[in-house]
Amino acid sequence: MRRTTKWNAPPIHRNKRRLGALKTNRKRVNMTRHILRKKSQTNSKIVRFALVRHGLTKENTERRYISYSDVPLLPDSTEELRGLRRAVAHPSPLLYTSDMRRCRDTLAYLRPRDSKQAVEDTRLREYDFGMWEGLTYNDLKEDPQYRRWLDDSSAVQPPRGEPWQSFCTRTAHVWWEVLRNARESFGSSCGIHAERQECAARRRPHHSSPLPRGRVMRCKPSRMRQTFGSGLAPRPDVVIVTHGGVVRRLYTLAFPRKSFWEAAAPIGGGIMITAKQCARKWKFLRAERLPSK
């Protein structure tokens, strides 16, 4: 009887073949990730949102709580909006405004040519203070409910006022709608051009004198850039004119780790939020302060 023996490869050779296959698969995975990353960078778009607070009113000077009161701007309030008017200049941005008169008048001064094309949305109204409407801190400081509301506005509701959850819900809905319209309106070419313009503005020195050839001036980036007066300043693609509480709320929606009171929203000023639109989501990069005077 003939005996046959079956030869098996040594374990070390089998392990080498497995390691070779694993390395090949790893290279393929890394190559696929690299291609997908390149595609996402090519399709990404830079979009800037200007969150503007309305101009000065008489009630603001008296430090009164106003929400649904349709009060006008002061006659000399446009003097404080000149710097903001230069900051929001752009050929064709998307315009949104609250339906309150003080917001519509502010937008009419900032954008006199196309302010009538703005979308007036009641969801951009100020937080409803209820029976505290038109009152000041001195009028309410002895009220226990008011003092509890100052400590935690999310848990205490003003009498006949708006619940905090309702305010958060309506502002979140209007913010999602703005993001959806911005995604549909701006193409990838606009975003790439904005990225190149921003990079060029960063490389250019702040002074006007030219540098000698072969030398590059590197400036340390500041926390809040104030470059809105120059020609290379970034211009907003979306302008939203609303109230102080809504500006703070939209800021926290873009940056959830920030608190409601961290956003500085002076009267006649605002915040510029720079975002990158990727394939399926938005990435909010930074927030800059708009000039208030």
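Me: How many bridges join strand β1 to strand β5?
Reply: This is a predicted model, in which local features need a pLDDT of at least 70 and side-chain atom pairs count only at pLDDT 80 or more, while totals for chains, interfaces and linings use all residues. Residues are numbered from 1 along each chain as its sequence is written, and side-chain values use heavy atoms, with hydrogens and water left out. Strands (E, at least two residues) and helices (H or I, at least four residues) are DSSP runs numbered from the N terminus, and two strands pair if DSSP finds at least two bridges between them. Strand β1 covers residues 45–53 and strand β5 covers residues 270–277, and the two run antiparallel, with a number of bridges equal to 8.

Me: Which strands stand at the edges, each with a single partner strand?
Reply: The sheet is open and holds 6 strands with mixed pairing, in the order β3-β2-β4-β1-β5-β6. One side of each edge strand is left without a neighbour in the sheet, because each has a single partner, and the strands in question are β3 (119–120) and β6 (282–290).

Me: Which residue of β4 stands opposite R53?
Reply: Strands of a sheet pair through backbone hydrogen bonds, either parallel or antiparallel. Strand β4 runs parallel to β1, to which it is joined by 5 bridges, and it also runs parallel to β2, with 4 bridges. On the β2 side, L95 has V239 as its bridge partner in β4, whereas the residue of β4 opposite R53 is T242.

Me: How many of the residues of β4 are buried?
Reply: A residue is buried when its relative accessible area is under 20%, exposed when it is over 50%, and partly exposed in between (1.4 Å probe, protein chains only). Both faces of β4 are covered, since V238, I240 and T242 on one side and V239 and V241 on the other are all buried. The strand is therefore largely enclosed by the rest of the structure, and the count of buried residues is 5 of the 5.

Me: How far apart in space are M272 and A287, C-alpha to C-alpha?
Reply: M272 is found in strand β5, where it is buried, with a relative accessible area of 0%. M272 and A287 are 15 residues apart in sequence, while in space the separation of their C-alpha atoms is 5.5 Å.

Me: How far apart are the end C-alpha atoms of helix α7?
Reply: The expected span of a helix is 1.5 Å times one less than its number of residues. Helix α7 (residues 164–185) has 22 residues and should therefore span 32 Å, which agrees with the distance between its end C-alpha atoms, 32 Å.

Me: Which strands and helix do the buried residues of α7 pack against?
Reply: The buried residues of α7 include W164, F167, W175 and L179. Contact means heavy atoms within 4.5 Å, and by packing the buried residues of this helix meet β1, β2 (94–97), β4 (238–242), α9 (244–254), β5 and β6.

Me: Which side chain of opposite charge is nearest to E126?
Reply: E126 lies in the loop between β3 and α5 (137–140), and beyond its neighbours within four places in sequence its contacts include I66, R170 and H243. Lys and Arg count as positive and Asp and Glu as negative, while His and the chain ends are not counted. A salt bridge needs a side-chain nitrogen of Lys or Arg within 4 Å of a carboxyl oxygen of Asp or Glu. E126 is buried yet has no salt bridge, and at 5.6 Å its nearest side chain of opposite charge is R53.

Me: Which residue is linked with D121 and R123 in a network of salt bridges?
Reply: A search of the whole structure finds 9 salt bridges, among them the one between D121 and R123, whose closest N and O atoms are 2.8 Å apart. D121 is buried, with a relative accessible area of 9%, whereas R123 is partly exposed at 24%. In their network, D121 and R123 are linked with E177.

Me: What value, roughly, does phi of R160 have?
Reply: Most residues other than glycine have a negative phi. R160 lies in the loop between α6 (144–151) and α7, and with 73% relative accessibility it counts as exposed. R160 is not a glycine, yet its phi is positive, at about 60°.
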